[in-house]
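Student: I have a new model open and would like to understand the terms people use when they describe it. Could we go through them together?
Tutor: Happily; let's put each value beside the rule behind the word.

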Amino acid sequence: MKRWVILVLVLVLVVVGFLLLRLKPASQVGGTLYFLNWAEYIPKDLLKKFEAETGAKVVLDTFESPEAMLAKLKAGADREFSLVVAPDYYVLQMAREGLIVPLEKGKLKNLANLDPFFLDPPYDPGLQYSVPYLWGTTGLAYREDLVKGPVDSFAVFFDPARQVGPFLLLDEMRETIGAALKYLGYSVNTTDPKALEKAKELLLEAKRRSVGFAGGVEALNRILAGDAALTLAYSGDVLQARQEDERLRYALPKEGGTLWTDALVVLKRGPSQDLAYRFIDFLLEPENAAALAGYTRYATPVAKALPLLPEEMRQDPTVFPPEEVRAKLEYLKDLGPDIALYDQVWTEVKAR
Amino acid sequence: MRRLLTLHALLVYLFLYLPILVIVALSFNESRRGVRFIGFTLDWYRSLFQDPRVLEYFLNTLLVAFVSTLVATVLGTLLAVGLVRYRFPGKSLLRYLLYIPVVVPDVVMGVSLLLLFALAREVLGFPRLSLFTVILGHITFQVAFVTLVVRSRLLLLDPALEEAARDLGARGWQTFWHVTLPLAWPGVAAGALLALTLSLDDFVVTFFTAGPGATTLPLYIYSSVKLGVSPKVHALSTLIIGLSAFFLALGYALTRRRV
Amino acid sequence: MNEASTPWQRAFRVLVTVGPGGLWLLLFVLLPTLLVLLASFLTRGPYGELTGPWGFHNYAKLLHPVYLEAFAQSLLVGVLATLISALLGYPLAFYIARHPQRDLLLFLLLLPFLTNFLIRVYAWLVLLQREGLVNALLGAFGLGPLILYPSFFAVLLATVYTFLPFFVLPVYASVERLDWQLLEAAYDLGARPVKAFLHAVLPQTYPGLFAGSVLVFIPAMGTFVVADLLGAGRVVLIGNLIQQQFGITRDWAFGAALSVFLMGFVLLSLYLYARLQGERGLKDLV
């Protein structure tokens, strides 16, 4: 009996000891890069390649909604991550909130690989705080066989008479409120309280008819599973999911969708900052940028990577919308303190 | 009447097992979506085992569970002994505090620990949100359960036994080690087992207290489910179901033999 | 008597046994609870930080119809889940208690319960999907497909599924201790079965019935995971509101007020329970 107890104790101690070894920080030569990114937004091979090149370890954490990402950082996680992929309209906000400081451009040798347009984008003039990661559009995704009627306008969400099937609302504040604003004829960047009040009413009505909220990747998976027929979605996500089911389609609404860039930012209080810069530089190399774009099916801002992309992707108007389509698309802008108006609308829409 | 009761029980057991059986069956289904069984495959298990992250999350879960259970069992047992044997100022406060982690919804527990850690990090510079903070959180609710379980066992014991030990000249710690602890042992073991189960199962407190790289299996399952139903999650679930069934059956067989 | 009781030695023993655990409870239970209470009187700053002014404004906000609605929904889930658990669990407890193989039946009851909580919720997601098993069955009868998920129904079903054993176990304990002679006595006095049950059996199971109800009601109304996964934003309970304040909208002060409110409500229902059952009742819960 006693021997039996001792045996169990020894066994437990061995297991605990073995596990305790894991508590020690990874003693990699090159340190550890803590990277916070959208879900399914980078191929694993690319991370492995970086690890092989630098001897560093990459710890990837993902988020599904940018609001959740920002909330996580503000809850203290900004000391735990080195590098974050943020939506363009969050860049200046994060700077204002003291999460990021201007980039040390001297550490980035490959900036010249960027398309000149992205060297001075509207969301971050002069690329003071960020480096573009990928860009794309937001539009309507639907399964051809499940909708009964044309999908060409935000009316499919907001006009009960024109609903063509069960739909999901995208769990992202600016995009979804933006769609309601567009449908009502306002800019996606309006700060007019009356316009926002109307958008709120519209969204509350739509929510009652919807089959719920979902994050970008989740929404498409649920459409593939047949739980919903259509949703607001990001272009590349749709193309990725399309590889699984040909019946999935993407369309820009006639009211005009949004054009966006996701941006890499280095956190002010984060660990291993030098590694973060090395990773940004790594992503700016044409070969890696092409691998990233090819996997995610989004457009790359690295001009030198374009020739490396497969022909069909370069010709795809969903990936690279033609000039006349682009003219109708709007950038979501940083709104400064007025963002509180949007926060309020979103809180009420989500809570009810 | 009797037959009605049997039918009722049958239906309830069906209700309990149907969802699990469906998951197990679907984990071997070739079709990615839907419930039509089109062919047998082990592909989902293969892709699960090829994902090194899953192993890492599994080890993280074990680490958290073992370390927190160990600490909570020691703290909880001592606390239970102290509460039963001695009178001291603040005793009733401690008794009330013990019930808080038991009755308060875990969301509230999660956010209050988050507040504490955020404040501590701001003022003291530690702890980092990591597996360490997850362990702290788990110990917190485990201590309460262990203490309550061990205490109820101690209250059943005859205090005369300890007195006898003292009368025979045993020192305080000798009494504790040779008399109290062996007698309380079933309570301690039950408390530890409960603590272990609670830790392995916990999602909410972990969700609020975890930092980068501190992913446990429940967190992984949650984020996978958030991304949509997938056969890989079916496979993982089946493995977990199988593992817990195995250990439960083992425990069941062991206790049966003793009776 | 030997050296057992100098005051110093007693103090030392208390310190050794109660010290570490007590300190832990003060640091990780009392302090965070006080912090939540404190935060609930503060204000959300422009960047989501906690600042002044102090006041009851977060509690005033609780009275807004939006939040009252979420609270009403939580109550509804709690009450309905408890009722359904009673309908399913009460007869089952009798069946198990009187079955020759009751150990095995208890084991079978606990088995699904000891697999991960998230998996149990996920299982229902799989069943209730549009192209899931339930709709496939309905389709075989020429019905549907229905949108069963996300819905209030799905949330309720999974809640019952998750917490049912919490109801069965205490009732089972009561039934085991049941004095069947009372029932026979009632029959001997000529009572009909229903009446005999109501007077001779039911009152004896009150302790288990109450304990089971509390054990289902409290977690059912306090959880956010079930509504999060099976309600997909359409079923919003008070737990979801709390998670939203901390995880999305960054209004920690309001989230803290919601937490205090929920905590207060739980303590109130426990207090009522204790009044019904006496002090012993609380111990039975654990």
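Student: How many residues of chain B are in contact with chain C, and how many of chain C with chain B?
Tutor: This is a predicted model, so everything here is computed from predicted coordinates. In it, 85 residues of chain B are in contact with 86 residues of chain C. Contact here requires heavy atoms within 4.5 Å.

Student: How much area do chain B and chain C bury between them, and which atoms is it on?
Tutor: The two chains bury about 7600 Å², and 81% of that is on carbon and sulfur atoms. On the chain B side, B:Y13, B:F15 and B:L115 lose the most area to chain C, together 9% of what that side buries.

Student: And what are the values for chain A and chain B?
Tutor: There, about 2400 Å² is buried, with carbon and sulfur atoms giving 62%. Each chain brings 25 residues to that contact.

Student: What makes A:R79 and B:E122 a salt bridge?
Tutor: The rule asks for a side-chain nitrogen of Lys or Arg within 4 Å of a carboxyl oxygen of Asp or Glu. The closest N and O atoms of A:R79 and B:E122 are 3.5 Å apart, so the pair qualifies. Across the interface of chain A and chain B, the rule finds four salt bridges.

Student: How do you know that C:R120 and B:D201 form one too?
Tutor: Their N to O distance is 3.7 Å, and the cut-off is 4 Å. Between chain B and chain C the count is two salt bridges. Over all chains, the structure holds 35.

Student: What does the salt bridge of A:D152 with A:R162 tie together?
Tutor: The closest N and O atoms of A:D152 and A:R162 are 3.3 Å apart. A:D152 sits in the loop between β4 and α5 of chain A, and A:R162 in the loop between α5 and β5, so the pair links parts that are 10 residues apart in sequence.

Student: Turning to helices, why is α5(B) called oblique to α6(B)?
Tutor: Helix α5 (residues 106-123) and helix α6 (residues 131-156) of chain B pack at about 130°, with their axes 11 Å apart. Roughly perpendicular ends at 115 degrees and roughly antiparallel needs over 145, so an angle in the gap counts as oblique. That is why α5(B) is oblique to α6(B). Their crossing is right-handed.

Student: Which residues make that contact, and how do they divide?
Tutor: From α5(B) come B:M109, B:L113 and B:F117, and from α6(B) come B:T133, B:L136, B:G137, B:T140 and B:F141. They divide into five nonpolar, three polar and no charged.

Student: What makes α5(B) roughly parallel to α12(C)?
Tutor: The axes of α5(B) and helix α12 (residues 238-247) of chain C cross at roughly 20° and come within 10 Å. Angles under 35 degrees count as roughly parallel, so α5(B) gets that label with respect to α12(C). The crossing of α5(B) with α12(C) is left-handed. In this contact, B:V107, B:V108, B:V111, B:L114 and B:L115 meet C:G239, C:I242 and C:F246. The tally is seven nonpolar, one polar and no charged.

Student: And why are α4(C) and α7(C) called roughly antiparallel?
Tutor: Helix α4 (residues 102-114) of chain C packs against α7(C) at about 155°, with their axes 9 Å apart. The label needs an angle over 145 degrees, and α4(C) and α7(C) are therefore roughly antiparallel. α4(C) passes α7(C) in a left-handed crossing. The residues of this contact divide into 11 nonpolar, one polar and two charged.

Student: How do you know that the peptide bond joining B:F126 and B:P127 is cis?
Tutor: Its omega is about -5°. B:P127 is in the loop between α5 and α6 of chain B. The bond from C:Y149 to C:P150 is also cis, with omega near 0°, and C:P150 is in the loop between α6 and α7 of chain C. Most peptide bonds are trans.

Student: Finally, what makes A:L127 notable in its phi?
Tutor: Phi of A:L127 is near 45°, a positive value in a residue other than glycine. Most residues other than glycine have a negative phi. A:L127 lies in the loop between α4 and β4 of chain A.

How values were computed
Residues are numbered from 1 along each chain as its sequence is written. Chains are lettered from A and ligands numbered from 1 in the order in which they are written. This is a predicted model: local features need pLDDT of at least 70, side-chain atom pairs count only at pLDDT 80 or more; totals for chains, interfaces and linings use all residues. Side-chain values use heavy atoms; hydrogens and water are left out. Axes are lines fitted to C-alpha atoms, for helices over the stretch in contact, and angles run from 0 to 180 degrees between N-to-C directions. Helices (H or I, at least four residues) and strands (E, at least two) are DSSP runs, numbered from the N terminus. Angles under 35 degrees count as roughly parallel, over 145 as roughly antiparallel, 65 to 115 as roughly perpendicular and the rest as oblique. A crossing is left-handed if the near helix is turned anticlockwise from the far one by less than a right angle, and right-handed if clockwise. Ala, Val, Leu, Ile, Met, Phe, Trp, Tyr, Cys and Pro count as nonpolar, Asp, Glu, Lys and Arg as charged, and the others, Gly among them, as polar. Buried area is the accessible area (1.4 Å probe) that two parts lose on being put together, summed over both.
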